[in-house]
Amino acid sequence: MEPAIERTPRQPRKSVLRIKCPHCGNDSDFLEVADGVILTTRYHQNKDGSFTQEGDESQILGEIKFFCGECNADLSHFHNRFLEMLF
Ligand SMILES: [Zn+2]
């Protein structure tokens, strides 16, 4: 039996291009590498001397690069598109 509710097929978003490495064709594994990172983590010391992490105030000062996860080609020109498609 078919369900009575009519299912509207989801329209694929137009002009969605998958990022694909032009060197090796990889389109599934990528690396994001940040330069000049200051890792700052805030801790609170509890009464018993133990510590609890309260926050992460890390800052990226340098460039963020984007690489193919297979052949390590620099794909930084795809990084903005990567960020748009990051959910
Ligand atoms: Zn590649």
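Start by selecting β3 and β4: these two strands form a hairpin, with 5 residues between them. Within the turn, click on Gly 49, where phi is positive, at about 90°. Keep in mind as you go that this is a predicted model.

**Along the hairpin**

Now colour the two strands separately, β3 at residues 41-45 and β4 at 51-56. They run antiparallel, and 5 bridges join them. For one example of a pairing, pick His 44 and look across to β4, where Thr 52 is its bridge partner.

Is β3 buried or in the open? Of its 5 residues, the number buried is 0, so the strand lies largely in the open.

**Into the loop**

Next, select Asn 46, which sits in the loop between β3 and β4. Which residues does Asn 46 contact, once its neighbours within four places in sequence are left aside? They are Phe 51 and Thr 52. You have met Thr 52 already, as the bridge partner of His 44. Asn 46 is exposed, because 9 other C-beta atoms lie within 10 Å and a residue counts as exposed at 12 or fewer.

**Back to the first strand**

Move to residues 30-34, which make up strand β1, and select Val 33 there. Show Lys 65 and Phe 67 too: Val 33 touches both, not counting residues up to four places away in sequence. Both of these partners have numbers that fall in β6, residues 64-68.

Now try a distance in your viewer, from the C-alpha atom of Val 33 to that of Ser 76. These two residues are 43 apart along the chain, and their C-alpha atoms are separated by 9.8 Å. As for its surroundings, Val 33 has 14 other C-beta atoms within 10 Å and so is partly exposed.

**On towards the helix**

Follow the chain to the loop between β6 and α1, the latter at residues 79-84, and stop at Asn 72. Its phi is near 65°, a positive value in a residue other than glycine. Asn 72 counts as partly exposed, because it has 13 C-beta neighbours inside 10 Å.

**Zoom out**

Finally, show the whole chain as a cartoon. How many helices and strands are there? The chain has 1 helix and 6 strands, in the order β-β-β-β-β-β-α from the N terminus. Of its 87 residues, 5% count as buried. Among contacts with a separation of 6 or more, 51% are between residues 24 or more positions apart.

Note on methods:
Residues numbered from 1 in each chain as written. Predicted model: local features only at pLDDT ≥ 70, side-chain atom pairs only at ≥ 80, totals over all residues. Helix = DSSP H or I, 4+ residues; strand = E, 2+ residues; numbered from the N terminus. Buried ≥ 20, exposed ≤ 12 C-beta atoms within 10 Å, placed from the backbone. Contact = placed C-beta atoms within 7 Å. Pairing = 2+ DSSP bridges.
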